Amino acid sequence: MAIVLAWCVLVAAGLTFFVFAHYGEVTQLLRVVSLIQTQALEPADTGRLLQGATRGLVEALDDPYSVYLDREQYRSLTQQITGSYGGVGLVIGVDEEGRIKVITPFKGTPAHRAGIQSGDLIVRIEDRDARTLNLEEAARLLQGEPGTPVSLAVQRPGDGIREFRIVRERIVIPTVEARVLDGHPGIAYLNITTFSEQTPQALAAALKEIGTENLRGIVLDLRNNPGGELTAAVEVAGYFVPAGPVVYTVSRQKSTPYPASGRKLDLPLVVLVNGGTASAAEIVAGAVKDTGAGLLVGEKTFGKGRVQKVFRLDGGAGLKLTTEKYLTPARRDIDGKGIEPDLVVTMTAEETAQALLAAPDPARDRQLLKAVQILEGAKS
């Protein structure tokens, strides 16, 4: 009882200090609430007002990745983290001008089959101007019950506006594709499309299936991989980098290293990256580059070096909040900068989309071809 009482006293003292320190702002807030309740033409729902105030607090951070989530938005985000949801299969982000941008369409999903490409700018979803939407609002409009349609318009760089009407499906987020490349015995191709809770287990199963005993090298394809779970990325990186930190996360209070697992495969490695390689995928790519565990081939990555945590709130709502930044093993901050590949090989967004939609084929994928040439030369 004494501990509870002491805690209540501390909380009360903290609130009192906050009110005095921000007396003008608190008074103004109360005044606005009073005016709305007494003067607004339409009756005011107090709960809705408070929810709006909460949302405004988060928006005041001016961080596109920190968002207040209502109950439905929180449910949708939880589905994506766990690996499935109803939608079109797009991962979206915000470019330097604040526009909603397609980071990547998941392979084989309705958006991918419709022809939406990495780098497309979303200008409209249904009847909503995308410029008025934040990331979570845009994602919520794109998601919905399988079998229901959604209309959107995109602006492709160097092209006009394209209209799409796409029927939503149950999106089971793909994680790992693995095979030995046809015509290139001993060269394994691993395509990781996102980092969900299932990815490390999926990678372990894929490696067991193809076997590593007779391999001469590995191509790890992280192109158009939008990222995902930080811990999943660290576990995956443990297969490819030596012992030591995979990444450092830096919060207000501390810097935390995340070490490799020590299960590194002793094989030559080439990692394919492009502008759709983001967040957790950049953690893996950055670790490979900084440790010298392999070569990066392709184009500069997206440049998202901030970590969000999702907090559950009362009533089923949630808060996605940027709590940390991450640094590569060499302590480089790549946010807004991206990671430069060791060998630059360019492809258009359309060429990349076509290459990733079909079975991997170096004959029509310049970046994959360069990777194979490097690996076949490594043992020649």
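# Exercises on a predicted model

Arginine 331 is partly exposed, as its relative accessible area is 48% (buried is under 20%, exposed over 50%, partly exposed in between; 1.4 Å probe, protein chains only). The model is predicted, so local features need pLDDT of at least 70 and side-chain atom pairs pLDDT 80 or more, while totals for chains, interfaces and linings use all residues. Residues are numbered from 1 along each chain as its sequence is written, and side-chain values use heavy atoms, without hydrogens or water.

**Exercise 1.** Locate arginine 331 in the fold, state the sign of its phi and name the ring whose face it lies over.

Solution.
- Step 1: Arginine 331 belongs to the loop that runs between strand 18 and strand 19 (343-344) (strands are DSSP E runs of at least two residues, helices H or I runs of at least four, numbered from the N terminus).
- Step 2: Its phi is positive, near 60 degrees, and the residue is not a glycine. Most residues other than glycine have a negative phi.
- Step 3: Arginine 331 is placed over the face of tyrosine 248, 3.8 Å from the ring centre (NZ of Lys or CZ of Arg within 6 Å of the centre and within 35 degrees of the ring normal).
- Step 4: Another charge over a ring is found at tyrosine 65, where the charged end of lysine 304 sits 4.6 Å from the ring centre.

**Exercise 2.** Serine 279 also calls for a phi check: find its value, its place and whether the residue is buried or exposed.

Solution.
- Step 1: Phi of serine 279 is positive, about 55 degrees, in a residue that is not a glycine.
- Step 2: Serine 279 lies in the loop joining strand 15 (269-273) to helix 9.
- Step 3: With a relative accessible area of 10%, serine 279 is buried.

**Exercise 3.** Describe how helix 7 and helix 8 pack, and determine what covers the buried residues of helix 8.

Solution.
- Step 1: The axes of helix 7 (residues 199-210) and helix 8 (residues 230-237) are 8 Å apart, at an angle of about 25 degrees (lines fitted to C-alpha atoms over the stretch in contact, 0 to 180 degrees between N-to-C directions).
- Step 2: The two helices are therefore roughly parallel (under 35 degrees).
- Step 3: On the helix 7 side, Thr199, Pro200 and Leu203 meet Ala232, Glu235 and Val236 of helix 8 (contact: heavy atoms within 4.5 Å).
- Step 4: Buried residues of helix 8 are Leu230, Ala232, Ala233, Val234, Val236 and Ala237. Because six of its eight residues are buried, helix 8 is largely enclosed by the rest of the structure.
- Step 5: The cover over these buried residues includes helix 7, helix 9 (280-291), strand 11 (187-192), strand 13 (245-250), strand 14 (255-259) and strand 17.

**Exercise 4.** Place tyrosine 74 and leucine 313, then list what each touches beyond four places in sequence.

Solution.
- Step 1: Tyrosine 74 is part of helix 4 (residues 71-82) and is buried at 14% relative accessibility.
- Step 2: Its contacts are Leu69, Val310, Phe311, Arg312, Gly316, Ala317 and Gly318, neighbours within four places left aside.
- Step 3: Leucine 313 sits in the loop between strand 17 (306-312) and strand 18 (318-327), partly exposed at 32% relative accessibility.
- Step 4: With residues up to four places away not counted, leucine 313 touches Tyr68, Gly318 and Leu319.
- Step 5: From leucine 313 to arginine 71 the C-alpha separation is 9.2 Å, across 242 residues of sequence.

Methods: Angles under 35 degrees count as roughly parallel, over 145 as roughly antiparallel, 65 to 115 as roughly perpendicular and the rest as oblique.
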